[in-house]
Amino acid sequence: MSGYQSHFNNNRGKEQMKLTILGSGYFIPTKDRNSSGYLLEIGGESILLDSGSGILRQLIRSGHFIWEIQKIFYSHFHIDHTADLPPILFTRKYSKPDSCDERELSIFAHPDFNKFIETFENLYGQWINNPDYPYKFHPIMPGEYSFDTFDISVFKGNHTDQSLMFRFKDKVGKSLIYTGDTGFSDALIEASQNASVLLIECSSSDSNPVDGHMTPSELSTLIHESRPELTLLTHISPETDYETLIDKINVPSGCEIKMAEDFLTIDI
Ligand SMILES: [Zn+2]
Ligand SMILES: [Zn+2]
């Protein structure tokens, strides 16, 4: 496991935002990179961003456990971002927490995600419903949302009809943007504007661009337009790994760029 303490660390303690990369890979898991999933600790809460296959175990391997999680936000419905939701609910049915701050697990996604939940409810009903620790689906659309200890701006992603991007903001004004899978768009420039951390996919190459995914040259344009303090590249495909992606991205002075690795942690 590797760890990275960035210059953002100013000892704000438990309330400080912290990101743990659980899966930095794309839709085909590799030996070194799990499918998509991230743990965000913000305002004393623990939140999962996507849960591709293997994320439940990655969470445990990172030293955390499922009962810490109070909310899950899904960027879109593709399997590499959602597959571990049934195992997560199954684990909440058949294990008991030593401690649990919030009994209800809140799931946030585009309204159409309801179809996915209904489908596995029909398949697994009694095996995933724990009346003591229920889960609840909250449909969300682009707009502004306020929670007790943080705020979120939600933007439309350029990937599928239901894709969402999230800009999390804590009470001292630090921000993390999670794009999920996305191609370039004006909404992406707006969402990323002066971010503390931009967690963004880069799974396409300039020589072989794929619709709905970012290329190094598009990332160069984005970083110049929106000036995030730290850009963290994720959803890394073997092709982009092989191409030594970071070397191809032009980063202006004052901005920093890193490649995500599974189990990397960033204090924001
Ligand atoms: Zn994906
Ligand atoms: Zn996708």
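How many bridges pair strand β1 (residues 18–23) with β14, and in which sense, parallel or antiparallel? There are 3 bridges, and the pairing is antiparallel. Within this pair, lysine 18 of β1 has aspartate 267 in β14 as its bridge partner. The model is predicted.

**Overall build**

The protein chain holds 7 helices and 14 strands. Its C-alpha trace spans about 50 × 40 × 35 Å along the principal axes. The radius of gyration is 18 Å, and a compact globule of 268 residues would have a value near 18 Å, so the two agree. Of the 268 residues, 43% are buried. Many contacts link distant parts of the sequence: among contacts with a separation of 6 or more, 66% join residues 24 or more positions apart.

**The sheet with β1 and β14**

One open sheet contains 7 strands. Their order is β6-β5-β4-β3-β2-β1-β14, and the pairing is mixed. The edges are β6 (135–139) and β14 (265–267), each of which pairs on one side only. From one strand to the next, the twist averages 20 degrees. The antiparallel β1–β14 pair described above thus lies at the β14 end of the order.

**The sheet with β7 to β13**

Another open sheet of 7 strands runs in the order β7-β8-β9-β10-β11-β12-β13. Here too the pairing is mixed. The edge strands are β7 and β13 (256–259), and each pairs on one side only. Neighbouring strands are turned by 15 degrees against each other on average, direction ignored.

Strands pair in a sheet through backbone hydrogen bonds, in either a parallel or an antiparallel arrangement. Two antiparallel pairs at the β7 end of this sheet are set out below.

| Pair | Strand residues | Bridges | Sense |
|---|---|---|---|
| β7 and β8 | β7 143–146; β8 150–156 | 4 bridges | antiparallel |
| β8 and β9 | β9 164–170 | 7 bridges | antiparallel |

β7 and β8 make a hairpin, with 3 residues between the strands. Glutamate 144 stands opposite serine 153 of β8. On the β9 side, phenylalanine 150 has aspartate 170 as its bridge partner.

**A bent helix**

How many Å does helix α4 (residues 113–128) span between its end C-alpha atoms? The helix spans only 17 Å, whereas a straight helix of 16 residues would span 22 Å at 1.5 Å a residue. Helix α4 also has a kink of about 70 degrees. The kink is centred on asparagine 122.

**A loop residue**

Aspartate 211 sits in the loop between β11 (197–201) and α6 (216–226). Is this residue buried or exposed? Aspartate 211 counts as exposed because it has 8 C-beta neighbours inside 10 Å, and the limit for an exposed residue is 12 or fewer. From histidine 110, aspartate 211 is 101 residues away in sequence. In space, the C-alpha to C-alpha distance between the two is 21 Å.

Terms used:
Residues numbered from 1 in each chain as written. Chains lettered and ligands numbered in written order. Predicted model: local features only at pLDDT ≥ 70, side-chain atom pairs only at ≥ 80, totals over all residues. Pairing = 2+ DSSP bridges. Helix = DSSP H or I, 4+ residues; strand = E, 2+ residues; numbered from the N terminus. Axes fitted to C-alpha atoms, helices over the stretch in contact; angles between N-to-C directions. Expected span 1.5 Å × (residues − 1). Bend = angle between axes of the 7 residues up to and from the residue. Rg over C-alpha atoms; globule rule 2.2 N^0.38 Å. Buried ≥ 20, exposed ≤ 12 C-beta atoms within 10 Å, placed from the backbone. Contact = placed C-beta atoms within 7 Å.
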